[in-house]
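Please look through the chain shown here with an eye to how its charged side chains, its sheets, its helices and its cores fit together. The report that follows begins with the charged pairs and then turns to the rest of the fold.

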Amino acid sequence: MRVFNFGSLNIDHVYSMDKFVSPGETLPSISYSKFAGGKGLNQSIALAKAGIKVTHLGSVGEDGYFLRDLLDTHGVDAKELQILSSASGHAIIQVDANGENCIILHGGANVKNDEDKVLQKLQNAENGDIFLTQNETNGVAFLISKAKDLGLTTVFNPAPMTDDVSNYPLEKVDYLILNYTEGKM
(Lines give C-alpha, C1' and ligand atoms only; values in the text may rest on other atoms or scores of the structure.)
Protein backbone atom coordinates (compact mmCIF):
# COMPACT_ATOMS: atom_id res chain seq x y z
CA MET A 1 0.00 0.00 0.00
CA ARG A 2 1.16 3.49 -0.88
CA VAL A 3 -0.33 6.87 0.00
CA PHE A 4 -0.34 9.45 -2.76
CA ASN A 5 -0.56 12.71 -0.85
CA PHE A 6 -1.52 15.70 -2.99
CA GLY A 7 -0.91 18.49 -0.54
CA SER A 8 0.53 21.82 0.39
CA LEU A 9 4.14 22.63 1.11
CA ASN A 10 4.67 25.92 2.92
CA ILE A 11 7.39 28.07 4.33
CA ASP A 12 6.11 29.16 7.75
CA HIS A 13 7.23 32.52 9.17
CA VAL A 14 6.37 32.44 12.88
CA TYR A 15 6.37 35.56 15.06
CA SER A 16 6.01 35.25 18.85
CA MET A 17 4.02 38.21 20.15
CA ASP A 18 2.83 39.47 23.54
CA LYS A 19 -0.56 40.02 21.87
CA PHE A 20 -1.95 39.93 18.34
CA VAL A 21 -1.47 43.02 16.20
CA SER A 22 -4.69 45.02 15.88
CA PRO A 23 -5.72 47.01 12.81
CA GLY A 24 -3.53 50.11 12.44
CA GLU A 25 -1.12 48.92 15.14
CA THR A 26 2.57 48.12 14.83
CA LEU A 27 4.18 45.89 17.45
CA PRO A 28 7.63 44.36 17.82
CA SER A 29 7.86 40.58 17.88
CA ILE A 30 9.51 38.72 20.74
CA SER A 31 11.10 36.25 18.33
CA TYR A 32 11.03 35.01 14.74
CA SER A 33 11.45 31.49 13.38
CA LYS A 34 11.22 29.96 9.92
CA PHE A 35 9.91 26.40 9.52
CA ALA A 36 8.82 23.94 6.88
CA GLY A 37 5.06 23.53 7.00
CA GLY A 38 1.81 22.93 5.22
CA LYS A 39 -0.77 20.29 6.05
CA GLY A 40 0.37 18.19 3.12
CA LEU A 41 4.04 18.19 4.10
CA ASN A 42 3.21 17.50 7.75
CA GLN A 43 0.92 14.58 6.87
CA SER A 44 3.46 13.05 4.47
CA ILE A 45 6.22 13.15 7.08
CA ALA A 46 3.93 11.74 9.79
CA LEU A 47 2.88 8.86 7.52
CA ALA A 48 6.49 8.10 6.57
CA LYS A 49 7.52 8.11 10.25
CA ALA A 50 4.73 5.57 10.85
CA GLY A 51 6.28 3.30 8.22
CA ILE A 52 3.88 4.02 5.35
CA LYS A 53 5.19 4.42 1.78
CA VAL A 54 4.28 7.95 0.71
CA THR A 55 4.57 9.77 -2.60
CA HIS A 56 4.05 13.51 -2.21
CA LEU A 57 2.44 15.29 -5.16
CA GLY A 58 2.34 19.07 -5.36
CA SER A 59 4.41 22.10 -6.24
CA VAL A 60 7.00 24.41 -4.74
CA GLY A 61 8.74 27.49 -6.03
CA GLU A 62 12.48 27.80 -6.47
CA ASP A 63 12.61 29.02 -2.85
CA GLY A 64 11.22 25.66 -1.72
CA TYR A 65 13.94 23.16 -2.60
CA PHE A 66 14.57 22.65 1.12
CA LEU A 67 10.96 21.44 1.49
CA ARG A 68 11.58 18.72 -1.11
CA ASP A 69 14.85 17.82 0.62
CA LEU A 70 13.09 17.59 3.99
CA LEU A 71 10.52 15.16 2.57
CA ASP A 72 13.34 13.10 1.09
CA THR A 73 15.21 13.08 4.42
CA HIS A 74 12.13 11.58 6.09
CA GLY A 75 11.71 8.87 3.46
CA VAL A 76 8.90 10.49 1.49
CA ASP A 77 9.12 10.03 -2.28
CA ALA A 78 9.27 13.65 -3.44
CA LYS A 79 10.73 13.22 -6.91
CA GLU A 80 7.33 13.97 -8.49
CA LEU A 81 7.12 17.50 -7.05
CA GLN A 82 6.74 20.22 -9.63
CA ILE A 83 9.22 23.11 -9.30
CA LEU A 84 7.59 26.35 -10.47
CA SER A 85 8.98 29.82 -11.10
CA SER A 86 6.52 31.36 -8.61
CA ALA A 87 7.08 31.59 -4.87
CA SER A 88 6.32 28.58 -2.71
CA GLY A 89 3.27 28.70 -0.49
CA HIS A 90 3.92 30.43 2.78
CA ALA A 91 2.27 31.40 6.02
CA ILE A 92 2.70 34.39 8.31
CA ILE A 93 1.87 33.18 11.82
CA GLN A 94 1.44 35.26 14.98
CA VAL A 95 1.58 33.31 18.25
CA ASP A 96 0.50 35.22 21.37
CA ALA A 97 1.57 34.76 24.99
CA ASN A 98 -1.35 32.30 25.53
CA GLY A 99 -0.27 30.09 22.64
CA GLU A 100 -3.15 31.16 20.38
CA ASN A 101 -2.33 31.86 16.75
CA CYS A 102 -3.47 33.93 13.77
CA ILE A 103 -2.39 32.79 10.32
CA ILE A 104 -2.20 34.52 6.95
CA LEU A 105 -1.79 31.92 4.21
CA HIS A 106 -0.44 32.65 0.73
CA GLY A 107 -1.06 29.75 -1.67
CA GLY A 108 1.86 30.43 -4.00
CA ALA A 109 2.90 27.29 -5.91
CA ASN A 110 0.32 25.26 -3.96
CA VAL A 111 -2.47 26.79 -6.05
CA LYS A 112 -0.65 26.53 -9.38
CA ASN A 113 -0.44 22.74 -9.70
CA ASP A 114 -0.83 21.18 -13.14
CA GLU A 115 -3.80 18.88 -12.39
CA ASP A 116 -3.16 16.71 -15.45
CA LYS A 117 0.43 16.02 -14.33
CA VAL A 118 -0.83 15.02 -10.88
CA LEU A 119 -3.43 12.75 -12.49
CA GLN A 120 -0.70 11.08 -14.59
CA LYS A 121 1.12 10.16 -11.37
CA LEU A 122 -2.08 8.76 -9.83
CA GLN A 123 -2.50 6.49 -12.84
CA ASN A 124 0.56 4.60 -11.53
CA ALA A 125 -1.36 3.68 -8.36
CA GLU A 126 -2.05 0.06 -7.56
CA ASN A 127 -4.99 -1.73 -5.96
CA GLY A 128 -5.15 -0.79 -2.27
CA ASP A 129 -3.37 2.56 -2.65
CA ILE A 130 -4.75 5.70 -1.01
CA PHE A 131 -5.23 9.24 -2.28
CA LEU A 132 -4.95 11.85 0.50
CA THR A 133 -5.55 15.54 -0.02
CA GLN A 134 -6.26 18.75 1.89
CA ASN A 135 -7.94 22.01 0.92
CA GLU A 136 -4.82 24.15 0.51
CA THR A 137 -4.23 23.40 -3.17
CA ASN A 138 -5.99 23.88 -6.48
CA GLY A 139 -7.52 20.89 -8.26
CA VAL A 140 -8.90 19.19 -5.15
CA ALA A 141 -12.41 18.45 -6.47
CA PHE A 142 -11.11 17.23 -9.84
CA LEU A 143 -8.49 14.96 -8.28
CA ILE A 144 -10.81 13.50 -5.62
CA SER A 145 -13.17 12.49 -8.41
CA LYS A 146 -10.43 11.08 -10.64
CA ALA A 147 -8.73 9.23 -7.78
CA LYS A 148 -12.01 7.53 -6.88
CA ASP A 149 -12.61 6.66 -10.54
CA LEU A 150 -9.15 5.01 -10.56
CA GLY A 151 -10.23 2.84 -7.61
CA LEU A 152 -8.14 4.54 -4.92
CA THR A 153 -9.38 4.94 -1.37
CA THR A 154 -9.91 8.69 -0.96
CA VAL A 155 -9.15 10.68 2.19
CA PHE A 156 -9.91 14.41 2.43
CA ASN A 157 -9.00 16.99 5.07
CA PRO A 158 -11.10 20.06 4.14
CA ALA A 159 -8.93 22.50 6.08
CA PRO A 160 -9.03 25.35 5.57
CA MET A 161 -12.80 25.02 5.29
CA THR A 162 -14.15 27.20 2.49
CA ASP A 163 -17.55 27.55 0.83
CA ASP A 164 -16.15 25.62 -2.16
CA VAL A 165 -16.05 22.40 -0.12
CA SER A 166 -19.84 22.03 -0.36
CA ASN A 167 -19.45 21.80 -4.15
CA TYR A 168 -16.74 19.10 -4.05
CA PRO A 169 -17.68 15.50 -4.90
CA LEU A 170 -17.85 14.50 -1.23
CA GLU A 171 -19.77 11.36 -2.16
CA LYS A 172 -16.46 10.11 -3.62
CA VAL A 173 -14.61 10.62 -0.31
CA ASP A 174 -14.13 7.47 1.78
CA TYR A 175 -12.67 9.18 4.87
CA LEU A 176 -13.16 12.78 5.95
CA ILE A 177 -10.71 14.27 8.47
CA LEU A 178 -12.38 17.06 10.47
CA ASN A 179 -11.66 19.11 13.55
CA TYR A 180 -14.47 20.50 15.71
CA THR A 181 -14.84 23.78 13.82
CA GLU A 182 -14.88 22.08 10.41
CA GLY A 183 -17.39 19.52 11.67
CA LYS A 184 -19.76 22.31 12.73
CA MET A 185 -19.49 23.90 9.31
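In this predicted model, Glu 80 is partly exposed, with a relative accessible area of 26%, and Lys 121 is likewise partly exposed, its relative accessible area being 26%. These two residues form a salt bridge in which the closest N and O atoms are 2.9 Å apart. Because Glu 80 sits in the loop between α2 and β6 (82-84) while Lys 121 belongs to helix α3 (residues 115-122), the pair ties together parts that are 41 residues apart in sequence. As background, side chains of opposite charge can pair when their charged atoms come close.

How many salt bridges does the structure hold? The count is 7, and three of them, including the one just described, are set out in the table.

| Acidic residue | Basic residue | Closest N to O |
|---|---|---|
| Glu 80 | Lys 121 | 2.9 Å |
| Glu 136 | Lys 39 | 3.4 Å |
| Asp 174 | Lys 148 | 2.8 Å |

The salt bridge of Glu 136 with Lys 39 links distant parts of the chain, since Glu 136 lies in the loop between β9 and α4 (140-149) and Lys 39 in helix α1, 97 residues apart. Is Glu 136 buried or exposed? With 10% relative accessibility, Glu 136 counts as buried, whereas Lys 39, with a relative accessible area of 28%, is partly exposed.

The side chains of Asp 174 and Lys 148 also meet in a salt bridge, and this pair, too, links distant parts of the chain, with Asp 174 in the loop between β10 and β11 and Lys 148 in helix α4, 26 residues apart. Asp 174 counts as partly exposed at 36% relative accessibility, and Lys 148 counts as partly exposed at 29%.

The strands come next, and it helps to recall that strands of a sheet pair through backbone hydrogen bonds, either parallel or antiparallel. One open sheet has 5 strands in the order β4-β1-β9-β10-β11, and its pairing is parallel. Its edge strands are β4 (53-57) and β11 (175-176), each of which pairs on one side only. Within this sheet, strand β9 (residues 130-134) runs parallel to strand β10 (residues 153-157), and 5 bridges join the two. Gln 134 stands opposite Asn 157 in β10.

Helix α1 (residues 39-49) packs on this sheet, where it touches β1 (2-6), β4, β9 and β10, and its direction makes about 165° with that of β4. Which residues of α1 are buried? They are Gly 40, Leu 41, Gln 43, Ser 44, Ile 45 and Ala 48, and what covers them includes β1, β3 (31-37), β4, α2 (65-73), β9 and β10. After α1 comes Gly 51, whose phi is positive, near 90°.

A further open sheet has 4 strands in the order β3-β2-β7-β8, with mixed pairing. Because β3 and β8 (101-106) stand at its edges with a single partner strand each, one side of each is left without a neighbour in the sheet. Neighbouring strands of this sheet are turned by 20° against each other on average, when direction is ignored. Strand β2 (residues 10-16) and β3 run antiparallel and are joined by 7 bridges, and the bridge partner of Asp 12 in β3 is Phe 35. Helix α2 lies across β2 and β3, running at about 60° to β3.

Finally, there are the nonpolar cores. The largest of them has 16 residues, and those with the most contacts inside it are Leu 122, Phe 131, Leu 143 and Phe 156. The elements that give two or more residues to this core are β1, α3 and α4, with α4 giving the most, namely 4 residues. Leaving aside neighbours within four places in sequence, Phe 156 is in contact with residues including Thr 133, Val 140, Ile 144, Val 165, Tyr 168, Leu 170 and Ile 177. Apart from this core lies another, of 12 residues, among them Leu 41, Leu 67, Ala 78 and Leu 81. Leu 41 is also one of the buried residues of α1.

Notes
Residues are numbered from 1 along each chain as its sequence is written. This is a predicted model: local features need pLDDT of at least 70, side-chain atom pairs count only at pLDDT 80 or more; totals for chains, interfaces and linings use all residues. Side-chain values use heavy atoms; hydrogens and water are left out. Two strands pair if DSSP finds at least two bridges between them. Contact means heavy atoms within 4.5 Å. Axes are lines fitted to C-alpha atoms, for helices over the stretch in contact, and angles run from 0 to 180 degrees between N-to-C directions. Buried means under 20% relative accessible area, exposed over 50%, partly exposed in between (1.4 Å probe, protein chains only). A salt bridge is a side-chain nitrogen of Lys or Arg within 4 Å of a carboxyl oxygen of Asp or Glu. A nonpolar core is a set of buried Ala, Val, Leu, Ile, Met, Phe, Trp, Tyr and Cys residues joined through side-chain atoms within 4.5 Å.
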